[in-house]
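Trainee: I would like to go through this structure with you step by step, asking about one feature at a time. Could you reason each answer out before giving the value or the name?

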Amino acid sequence: MKILVVDDEQDIKMLFEQRFRREIREGAFTFKFCFSGEEALAFLQEHPSEAILILSDINMPGMSGLDLLAAVKAARPDLPVIM
């Protein structure tokens, strides 16, 4: 299952990879990291059914997490988003 992580802080990738290293190695989780709301929307448009969950920061430059939430819910109301 692919989890889309959206955060403007680049270190978040390393933190998730360290915390979930066993699950990643076993293939239980796959993570895709986007560093802006705009990048996340582009990924979702190119891969419409790949993500099963979005974990998003709220405060990001440009598109905020709340703006991303509204856009995702308009396009994919079934996709869970955790802020």
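Trainee: Which residue in S2 is the bridge partner of isoleucine 3?

Mentor: Bear in mind that this is a predicted model. Strand S1, residues 2-6, is joined by five bridges to strand S2, residues 30-34, and the two run parallel. Within that pairing, the S2 residue that partners isoleucine 3 is phenylalanine 31.

Trainee: And which residue does isoleucine 3 stand opposite in S3?

Mentor: S1 also pairs with strand S3, residues 51-56, in the parallel sense and over five bridges. In S3, the residue that stands opposite isoleucine 3 is leucine 53.

Trainee: In what order do the four strands form the open sheet?

Mentor: S1 is bridged to S2 and also to S3, which places S1 between these two in the order. S3 pairs in turn with S4 in the parallel sense, over two bridges, and in that pairing the S4 partner of isoleucine 54 is valine 81. The four strands, with parallel pairing, therefore form an open sheet whose edges are S2 and S4, each having a single partner strand and one side without a neighbour in the sheet. The order is S2-S1-S3-S4.

Trainee: How many of the residues of strand S1 are buried?

Mentor: In a regular strand, side chains alternate between the two faces of the sheet. In S1, Lys2, Leu4 and Val6 point one way while Ile3 and Val5 point the other way, and all are buried. The strand is largely enclosed by the rest of the structure, because the number of its residues that are buried is five of the five.

Trainee: Lysine 2 is in that strand; which residue's side chain meets the lysine 2 side chain in a salt bridge?

Mentor: Side chains of opposite charge can pair when their charged atoms come close. Lysine 2 is buried, with a relative accessible area of 19%, and the cut-off for that class is under 20%. In its salt bridge the N to O distance is 2.5 Å, and the partner is glutamate 50.

Trainee: How many residues apart are glutamate 50 and lysine 2?

Mentor: The salt bridge between glutamate 50 and lysine 2 links distant parts of the chain, with glutamate 50 in the loop between helix H3 (37-46) and S3, and lysine 2 in strand S1. Glutamate 50 is partly exposed at a relative accessible area of 31%, whereas lysine 2 is buried. Along the chain, they are apart by 48 residues.

Trainee: The structure holds two salt bridges; how far apart are the closest N and O atoms in the one that arginine 76 forms with aspartate 78?

Mentor: Aspartate 78 is found in the loop between H4 and strand S4 (81-82), and is exposed, with a relative accessible area of 57%. Its C-alpha atom is separated by 9.8 Å from that of leucine 53, although the two residues are 25 residues apart along the chain. In the salt bridge with arginine 76, the closest N and O atoms are apart by 3.6 Å.

Trainee: Which helix gives the largest share of the positive patch?

Mentor: The positive surface patch is formed by Arg19, Arg21, Arg22 and Arg25. Arginine 25, one of these, counts as exposed because its relative accessibility is 64%, over the 50% cut-off, and this arginine 25 lies in helix H2. Three residues of the patch come from one helix, residues 21-26, and this largest share belongs to H2.

Trainee: What is the approximate area of the nonpolar surface patch?

Mentor: Isoleucine 58, in the loop between S3 and helix H4 (65-75), is partly exposed with a relative accessible area of 35%. Methionine 83, in the segment after S4, is also partly exposed, with a relative accessible area of 35%. Together with Leu66, Ile58 and Met83 make a nonpolar surface patch of about 250 Å².

Trainee: What distance separates the C-alpha atoms of methionine 83 and aspartate 57?

Mentor: Methionine 83 has its place in the segment after S4. Along the chain, aspartate 57 and methionine 83 are 26 residues apart, and the separation of their C-alpha atoms is 5.8 Å.

Notes. Residues are numbered from 1 along each chain as its sequence is written. This is a predicted model: local features need pLDDT of at least 70, side-chain atom pairs count only at pLDDT 80 or more; totals for chains, interfaces and linings use all residues. Side-chain values use heavy atoms; hydrogens and water are left out. Buried means under 20% relative accessible area, exposed over 50%, partly exposed in between (1.4 Å probe, protein chains only). Two strands pair if DSSP finds at least two bridges between them. Patches are made of residues with over 30% relative accessible area and no salt bridge: like charges are joined within 9 Å, nonpolar side chains (Val, Leu, Ile, Met, Phe, Trp, Tyr) within 5 Å. Accessible areas come from the Shrake-Rupley method with a 1.4 Å probe; for residues, only the protein chains shown count as cover. A salt bridge is a side-chain nitrogen of Lys or Arg within 4 Å of a carboxyl oxygen of Asp or Glu. Lys and Arg count as positive and Asp and Glu as negative; His and the chain ends are not counted. The place of a charge is taken as NZ of Lys, CZ of Arg, CG of Asp or CD of Glu.
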